[in-house]
Amino acid sequence: MTANVFAAVPYVIDDGPVEGRCHACRNEQGNRAVLVDATGVAGVDNSVIKTFRYRVCAECGSMDLLLDPGDEAALYGDGYYSFEGKTPSSVERRIIGLRNRFELAGRGILGRAISLVWPGPHHRSIRRLIDGKIGRPLQKSARILDVGCGAGKWLKELSDQSFTNLTGVDPFLPANATSGSVRLIKGDVQDIDGRFDLVTIHHAFEHIPDGETALTALKDKLDDNGVLIVRIPLGASYGWRKYGGYWVQLDAPRHAHLYSPAGMKALADRVGLETRDVAFDSTSFMVTGSEATLAGMRPHTGQPIASLGTQSVFGWSRSRRIATLTNRLGSADQAAFYFTAKT
Ligand SMILES: [Zn+2]
C-alpha cells in the first residue's frame, strides 16, 4: 500500500506526517494525519461541528483516533443505541424469531424474506459455526459469551432459538441480571469466570483504546477449540473511501480504531490468534446511514432516518446492492473475523 491511502478520500483534510506506530500493525513509516469535521457527536448538540484527528497507517490503512485529553468523557450518554431498545412486542418477537431461525438454520421462506429486508448480521455470523465450517459444529448447549452485550438483546434472541448457556458482559449495564438462560454481568471480560466455546464481540472492539490488551483478554476466555468472533467496522473500506468524514461508521469519538482487514489480522497474529476466516457483512446501512450523516442526521444514535432518497424502495435496493457487491469484493465497511488460539 502506498502512503497515499487517504489521498482521494472526500470530506477530510490532510494534516501531514504524523508520529507514532499504527495501533494495528505497528508500522511507523510514512503515516499521515487527517482531520475530520464530525457532527452528531454524543452529548453534543447536533449543530456543533467538532474536528477530530486520525492517524492513517501507510502500511495497512488502519486508522487511530488521536484524542485530546479530556475528550473521552461522556461518550456513551443517553440514547446510545445498544441500551436504547424497547422490549419488542409479541408480533415483533415472532417476526424476529422467523428471521433468526432462517439466519441460524437456513429454514423458512418467510424468514428468508424478512432477512432480505431486515438482516441480522449477528445471527448470520454464527451460521458457519453451526454448520461446522470452523471447528466443531456449534451446539445449542455451547457456552457462549458476548462481550459488550448492551442490554443483551442478541443473547435473548439466541435464547428464543433454544440456545441454553448464554453470558453477556458490559461495563455499562446498570446491574447484574439473570433471565432464563441469559446471564448478564456488569463488568469487563476479565471479571468473567470460566472459559467458553464461543466468544463474540459485536461492534464494540473498535471502541477500546488498547486493542492488544483487550484481544488478549478475549483469547484467554476461549476453551480448547473455542472460536472468537470479532465484528468491527473497517477502515480502508468502501464506506471510508466513498464518504470519508461522513462515513456513518466513523462515529467519532466513540470508535478509537478503524482497523483494516490487514491491520486486524496483524494485531490478532501478535496476540497469538490465528485468523480462520473473514466474512464481510455490510448492509444497506453503509449507504443509507452515510447518506443520512451527510444530510446532517444522526443515524448511529438511533435517530430515525427521515425520508431521504435512500429510503425509497429504489434507493434501498440500490444501497443493498452496493453492500452486497462490496461484501463479495472484500471492500465492505464491516466484517466478522473468526479466530482460534494458535497451538
Ligand atoms: Zn498499520
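Begin by selecting Arg-99 and Glu-157, whose side chains form a salt bridge with the closest N and O atoms 3.5 Å apart. Arg-99 belongs to helix 1 (residues 90-105) and Glu-157 to helix 4 (residues 153-160), so the pair ties together parts that are 58 residues apart in sequence. Keep in mind throughout the tour that this is a predicted model.

With the pair still selected, display the surface: Arg-99 is buried, with a relative accessible area of 6%, and Glu-157 also counts as buried, at 8% relative accessibility. Add Lys-153 to the selection, and a network of salt bridges appears that links Arg-99, Lys-153 and Glu-157. The structure as a whole holds 15 salt bridges, and two further pairs are worth a visit.

Go next to Arg-127 and Asp-131, whose side chains meet in a salt bridge at 3.2 Å, N to O. Here Arg-127 counts as partly exposed, at 27% relative accessibility, and Asp-131 is likewise partly exposed, at 39%.

Then select Arg-270 together with Glu-212, where the salt bridge has an N to O distance of 2.9 Å. This pair links distant parts of the chain, since Arg-270 sits in helix 7 (residues 261-270) and Glu-212 in helix 5 (residues 211-219), 58 residues apart. Arg-270 is partly exposed, with a relative accessible area of 32%, and Glu-212 is partly exposed as well, at 29%.

Now turn to the metal. Which residues are the protein donors of the zinc ion? Select Cys-22, Cys-25, Cys-57 and Cys-60, each of which offers its SG atom, at 2.3 to 2.4 Å from the ion. The angles among the 4 donor atoms run from 102 to 115 degrees, and the site is tetrahedral. If you follow the donor residues along the sequence, their spacing reads C-x2-C-x31-C-x2-C. Of these donors, Cys-57 and Cys-60 are both buried.

From the zinc site, move to the largest nonpolar core, which has 33 residues, and select Phe-205, Leu-215, Leu-218, Leu-228, Val-230 and Met-264, the residues that touch the most other members. To see what the core is built from, colour the elements that give two or more residues to it: strand 5 (144-147), strand 9 (196-202), helix 5, strand 10 (222-233), helix 7 and strand 13 (334-341). Centre the view on Leu-228 and show its surroundings; beyond its neighbours within four places in sequence, Leu-228 is in contact with Val-199, Leu-215, Leu-218, Leu-222, Leu-273, Phe-337, Tyr-338 and Phe-339. Apart from the largest core lies another, of 22 residues, and to find it you can select Leu-129, Leu-173, Val-182 and Tyr-338, which are among its members.

Finish at helix 8 (residues 285-294). Is this helix mostly covered or mostly open? Helix 8 is mostly covered, with 7 of its 10 residues buried. To pick these out, select Met-286, Val-287, Thr-288, Gly-289, Ser-290, Ala-292 and Thr-293. Then display helix 6 (238-243) and helix 9 (313-329), against which the buried residues of helix 8 pack. As a last stop, step just past the end of helix 8 to Gly-296, where the backbone takes a positive phi of about 90 degrees.

How values were computed. Residues are numbered from 1 along each chain as its sequence is written. This is a predicted model: local features need pLDDT of at least 70, side-chain atom pairs count only at pLDDT 80 or more; totals for chains, interfaces and linings use all residues. Side-chain values use heavy atoms; hydrogens and water are left out. A salt bridge is a side-chain nitrogen of Lys or Arg within 4 Å of a carboxyl oxygen of Asp or Glu. Helices (H or I, at least four residues) and strands (E, at least two) are DSSP runs, numbered from the N terminus. Buried means under 20% relative accessible area, exposed over 50%, partly exposed in between (1.4 Å probe, protein chains only). Donors are N, O and S atoms within 2.8 Å of the metal (3.2 Å for Na, K and Ca); water is not among the atoms, so sites may look incomplete. Four donors count as tetrahedral if all angles lie between 85 and 135 degrees; four count as square planar and six as octahedral if opposite donors are over 155 degrees apart and all others between 65 and 115; anything else is irregular. A nonpolar core is a set of buried Ala, Val, Leu, Ile, Met, Phe, Trp, Tyr and Cys residues joined through side-chain atoms within 4.5 Å. Contact means heavy atoms within 4.5 Å.
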